[in-house]
Amino acid sequence: MKNILIYGASGHAKMIADIIHKNNEYNIKGFIDSYKSINQNIYGYKIIGNLDELSKLINEHDIHGIVIGIGDNSTRQNAYHKISEIAPALEFIPAIHPTAVLANDIVIPEGTVIMPNVVINANAKIGKFCVLNTKSSLGHDSKMADFSSLASSVIIGGNVQIGLCSAICLSASIIQNVTIGNHTVIGAASLVLKSVGDYKLAFGSPIDTIKDREPDSKYLG
């Protein structure tokens, strides 16, 4: 099996390690993390270095690919750019949990992570480096742009457009034919009945509050 690394060592990264382990297609050589101590044990694997040491680790461990284990969309995007600069030949591995239900025409591109019991329906399109968390569902003909995410138990109707780096938070629901702009966050348990523009934080059931946000504003606790 080819050797890979996981970048990040949070709870999200642990879930990715579990997916890789269950699929038994790659050999995890360890985590890399710039904020935790070397040799710390994370879900049965060790932190073996930080991002500054990536080139050395690739050579030492014969690394073929990497999965970015970061839940925050903007932070994941920044990590992608940094890794690509350091190691342009490194492959970004997608991770798909074996319990996910994907329509026959679904293509999962590089870097995207599909968690347990996700449902992706016919003719949906998933961008690069997206995250679809546990029990989320993406309706037919819907589209997620690169670096966007669905939190656990999110329900997306048919023909919904979700913009670049946008996040749909826990248990939110979006009805059919709605567009969510770029770098927008839909708050937990919100009900979206109409489109929301770029760089917004929107919440309510149905949504009754919309505020402006910066693209790198944190939305995960």
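1. Aspartate 62, just after helix H2, takes a positive phi of about 55°. Helices here are DSSP runs of H or I with at least four residues, strands are runs of E with at least two, and both are numbered from the N terminus. The model is predicted, so local features need pLDDT of at least 70 and side-chain atom pairs count only at pLDDT 80 or more, while totals for chains, interfaces and linings use all residues. Residues are numbered from 1 along each chain as its sequence is written, and side-chain values use heavy atoms, with hydrogens and water left out.

2. H2 itself covers residues 54–61, and Leu54, Leu57 and Ile58 are buried in it. Buried means under 20% relative accessible area, exposed means over 50%, and partly exposed lies in between (1.4 Å probe, protein chains only). Seen down the H2 axis, the buried residues fall within an arc of 105°, so they line one face of the helix; the arc is that of the directions from the helix axis to the C-beta atoms. Asn59 and Glu60, on the other side of H2, are exposed. The buried residues pack against S1, strand S2 (26–32), S4, S5 and H3, where contact means heavy atoms within 4.5 Å.

3. An open sheet of six strands has the order S3-S4-S2-S1-S5-S6, with mixed pairing. Two strands pair if DSSP finds at least two bridges between them. Strand S3 (41–42) and strand S6 (91–92) are at the edges with a single partner strand each, so one side of each has no neighbour in the sheet. S3 is joined to strand S4 (residues 45–49) by two bridges, and the two run antiparallel. In this pairing, asparagine 41 is opposite lysine 46 in S4.

4. Helix H3 (residues 73–86) lies across strand S1 (2–7), strand S5 (63–68) and S6, and runs at about 160° to S5. Axes are lines fitted to C-alpha atoms, for helices over the stretch in contact, and angles run from 0 to 180 degrees between N-to-C directions. The loop between S5 and H3 holds glycine 69, which is buried at a relative accessible area of 2%. Glycine 69 touches Ile6, Tyr7, Gly8, Ser10, His12, Ala13 and Ile16, leaving aside residues up to four places away in sequence. From glycine 69 to lysine 143 the separation is 74 residues in sequence and 22 Å in space, C-alpha to C-alpha.

5. A further open sheet has eight strands in the order S7-S9-S12-S15-S18-S21-S23-S24, and its pairing is mixed. Its edge strands are strand S7 (95–96) and strand S24 (207–212), each paired on one side only. Strand S9 (residues 113–114) and S12 run parallel and are joined by two bridges, with valine 113 opposite valine 131 in S12.

6. At the S24 end, strand S21 (residues 185–186) and strand S23 (residues 200–204) run parallel through two bridges. Isoleucine 186 is opposite alanine 202 in S23, and alanine 202 in turn is opposite isoleucine 210 in S24. S23 and S24 run antiparallel with five bridges, and a hairpin of two residues connects them.

7. Isoleucine 186 also belongs to the largest nonpolar core, which has 28 residues; Ile120, Leu132, Leu138, Leu150, Ile156, Ile168 and Ile186 touch the most other members. A nonpolar core is a set of buried Ala, Val, Leu, Ile, Met, Phe, Trp, Tyr and Cys residues joined through side-chain atoms within 4.5 Å. Residues touched by isoleucine 186 include Ala167, Ile168, Val192, Ala202 and Ile207, not counting residues up to four places away in sequence. A second, separate core of 19 residues has among its members Ile63, Ile70, Ile83 and Phe129.

8. There are six aromatic pairs in the structure. Rings of Phe, Tyr and Trp (its six-membered ring) pair if their centres lie within 6.5 Å; planes under 30 degrees apart count as stacked, over 60 as edge-to-face and the rest as tilted. Phenylalanine 129 and phenylalanine 147 are stacked, because their ring centres are 5.1 Å apart and their planes at 5°. The pair links distant parts of the chain, 18 residues apart: phenylalanine 129 is in the loop between strand S11 (125–126) and strand S12 (131–132), and phenylalanine 147 in the loop between strand S14 (143–144) and strand S15 (149–150). Phenylalanine 129 is buried at a relative accessible area of 1%, and phenylalanine 147 is buried at 6%. Ring pairs join Phe129 and Phe147 with Tyr80 and Phe92 in a cluster.
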